[in-house]
Amino acid sequence: MAKKLDFDKEKNNRNDNAIEEIMQAEFPLPKQAEDAKNEAFSRIREMAAASGHTENTENMVQRLQEKSTEKSTGSSGKKSTGTAKSHKKFKTVYKTALGLTAAAAVFSTVCITNPAFAENIPLVGNVFKQLGNSMGFYGDYSKYAKQLTDSAEDAELADTDESQEDGGNPQSAQAEDQNTTENNNANKTKDNESYSKTVDGTTVTLSEVYCNEMALYLSMTIHTEDKFPDTFITPDGKPNIKLSENSTVKYDYMDGKSNLFNAYLDGKMLDDNTYAGVLRIPVEDMTVDDAGWTKFYEVRNAFFKEKGIDVDSEDFSFDKLAQALGMDEYSDEKLPQVGGPAISDYVKDIKVPDRFAMELDLKDIVGTLPDDQDTTPDIPQDLRDEYNQKMAEHGISTDDADYESLTEEQKNLEHQFFTEMWNEYFERYPEAIEGNNRYNSWTLKGDWKFNVDVEKNTSDTVKKDVNVVDENGDGVLSITKTPFEITMKMQDPEAKYFAVMLDANGDIMPYGGVSNSNNTYAIQDRDISTVYIYLCDYYEYMDELKGYYWSDDYEEKAKTKTFKQLLDERAVASAEVHFDTDK
């Protein structure tokens, strides 16, 4: 059985600085930083010994070490103001400033001569930077994302600026320091309360937000008091973690809340207790008129009832529905042709505004257990035997290779027997249904609520009409490139086609891993100065063309015919799109 982890421990009482401590604990000071700090202080002592001021310098180093320890452990939220004596003479303050400058200079030298140390310094409020190229949609988010947490560097710069504006009066500086410290602490507490929440030992901290024409990206960290649960690692090396489907988001430009379906996070473990990831919400999920669709379905089902069609009957099928309505093939879009309601009469066309606010209510965090801890029951042998017996009685082969040779009637029967077997399985093991976490998943229970103000950043976003379509106008209508992805807008009501995009070198563009769309590609490090778009017959692509590119001997075959050349021959339509020029 899977190891049972206790995520509901009673929390100990925390002091007023608890949230700040949690924030610090999420990003522990690396060993390189501690070594560099000690080396800096050692060099200062050597310099002091050579100048004959060992005693005074040692006192200064001791104070610096105490201050450094406070900052690295989060043990103090207040800026050290020293004693009253230390402010009596400007000369003393000046010497201390020189000492701090010397320490900073030596410390900086260590950083420069040790790039590995500088690279490993945690960047609070910069999860995108922490994840780097491990993200599916990676790139330089610092140019576009809005930071939701204050970094320690920002606070120190603010302190420095205010001290310089004071004009050098030590008494005024001391009073100003006290006021500034209190104000900064109040602001930090407010920000932490807004963007960092702890429930039953699990702290969720929002880091940055970035929204463009195609998607919203929200970075976050998840920190647990106990060791993070063991988690299944996907083929691309990432922990399989998502926000539960009972989590919701509400946008101020829409009525009602929306559930976060398929809200998988793209990220990695920073240490045994901390996970950093990014939630990507595609723009189509941010513009669904749920209330409108609900009303449309009510009117549509009432129309069916008038026509004597019971959509809840056991023998209901879309083929029978189309036949009853006199349609070749049923679709909601074609209902007005037979006297039914039009979608556009009920569902609004919603656009994401340039500025908006969203309310997040994250109920649970769910992860998939490793295979060796998955205790999901197998299908019992008696159900397998019953399925095989029914198949044999109707002369249906259970060999997958023979499936295409079955008649339409045999395929329908096979589907019926297969469904009956699984329905019986789920009646015996209801917890085995996908989305339930008893057997193959772990859950961090919680209710983390956040309010986030978002401003769309459309810089470096380019849209091009391409019209890679068939004679009916179905296919790829346009493509949109943002700094991190390219998305194709499709019109394909009958799902006849599969669209393919190649980069400038003729290679298939990569998927981001969390887009849940075949038409969204990650730019990553690809050359997209020119891209090639192909519209292929769906089944031809899946059964023949796709395998040509992904075969083990493709490099050898490409010497005779490249994948691009194959698509040039077989595609229904194609286009060459240039982003580097207007040609």
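In the predicted model, strands 15, 17 and 18 form an open sheet in the order 15-17-18, and the pairing within this sheet is antiparallel. Its edges are taken by strand 15 (497-502) and strand 18 (573-578), each of which pairs on one side only. From one strand to the next, the twist of this sheet averages 15 degrees. Strand 15 and strand 17 (residues 530-537) run antiparallel and are joined by six bridges, and within this pair Tyr 497 stands opposite Asp 537 of strand 17. Helix 13 (residues 538-550) packs on the sheet, where it touches both strand 15 and strand 17, and the direction of the helix makes about 105 degrees with that of strand 17.

A further open sheet contains four strands in the order 12-13-14-16, again with antiparallel pairing. Strand 12 (462-469) and strand 16 (520-522) each have a single partner strand and stand at the edges, so one side of each is left without a neighbour in the sheet. Neighbouring strands of this sheet are turned against each other by 20 degrees on average, with direction ignored. The pairing of strand 12 with strand 13 (residues 475-481) is antiparallel and extends over six bridges; in this pairing, Lys 464 has Ile 479 of strand 13 as its bridge partner.

Two residues in this part of the chain are notable for their backbone angles. Most residues other than glycine have a negative phi. Asn 467, however, has a positive phi of about 50 degrees although it is not a glycine, and its place is in strand 12. With a relative accessible area of 52%, Asn 467 is counted as exposed because this value is over 50%. Gln 524 likewise is not a glycine and has a positive phi of about 50 degrees, but its position is in the loop between strand 16 and strand 17. The relative accessible area of Gln 524 is 25%, and this residue is therefore partly exposed, since its value lies between the limits of 20% and 50%.

Strand 9 (residues 274-282) offers a view of a covered strand, as nine of its nine residues are buried. In a regular strand the side chains alternate between the two faces of the sheet. In strand 9, Thr 274, Ala 276, Val 278, Arg 280 and Pro 282 point one way, whereas Tyr 275, Gly 277, Leu 279 and Ile 281 point the other way, and all of these residues are buried. Strand 9 pairs with strand 4 (residues 215-224) in the antiparallel sense over nine bridges, and it is also joined to strand 8 (residues 265-271), with which it runs antiparallel, by six bridges. Val 278 appears in both pairings, for Ser 219 stands opposite Val 278 and Asp 266 also stands opposite Val 278. Strand 8 and strand 9 form a hairpin in which two residues lie between the strands.

Arg 280, one of the buried residues of strand 9, lies over the face of Phe 137, at 5.0 Å from the ring centre. Phe 137 in turn belongs to a cluster in which ring pairs link Phe 128, Phe 137, Tyr 141, Tyr 144, Tyr 210, Tyr 217 and Phe 484. Another charged side chain placed in this way is that of Lys 481, which lies over the face of Phe 579 at 5.4 Å from the ring centre.

Across the whole structure, a search finds 36 aromatic pairs. One of them joins Phe 316 and Phe 318, whose ring centres are 5.7 Å apart and whose planes stand at 65 degrees, so the pair is edge-to-face, the class that applies to angles over 60 degrees. Phe 316 is partly exposed, with a relative accessible area of 26%, whereas Phe 318 is exposed, with a relative accessible area of 53%.

As for the protein as a whole, there are 15 helices and 18 strands, and buried residues make up 40% of the 583 residues. Among contacts between residues at least 6 apart in sequence, 69% join residues at least 24 apart. The accessible surface of the protein comes to about 33000 Å², and 46% of this surface belongs to carbon and sulfur atoms.

Methods:
Residues are numbered from 1 along each chain as its sequence is written. This is a predicted model: local features need pLDDT of at least 70, side-chain atom pairs count only at pLDDT 80 or more; totals for chains, interfaces and linings use all residues. Side-chain values use heavy atoms; hydrogens and water are left out. Rings of Phe, Tyr and Trp (its six-membered ring) pair if their centres lie within 6.5 Å; planes under 30 degrees apart count as stacked, over 60 as edge-to-face and the rest as tilted. Buried means under 20% relative accessible area, exposed over 50%, partly exposed in between (1.4 Å probe, protein chains only). A charge sits over a ring if NZ of Lys or CZ of Arg is within 6 Å of the ring centre and within 35 degrees of the ring normal. Contact means heavy atoms within 4.5 Å. Accessible areas come from the Shrake-Rupley method with a 1.4 Å probe; for residues, only the protein chains shown count as cover. Two strands pair if DSSP finds at least two bridges between them. Axes are lines fitted to C-alpha atoms, for helices over the stretch in contact, and angles run from 0 to 180 degrees between N-to-C directions.
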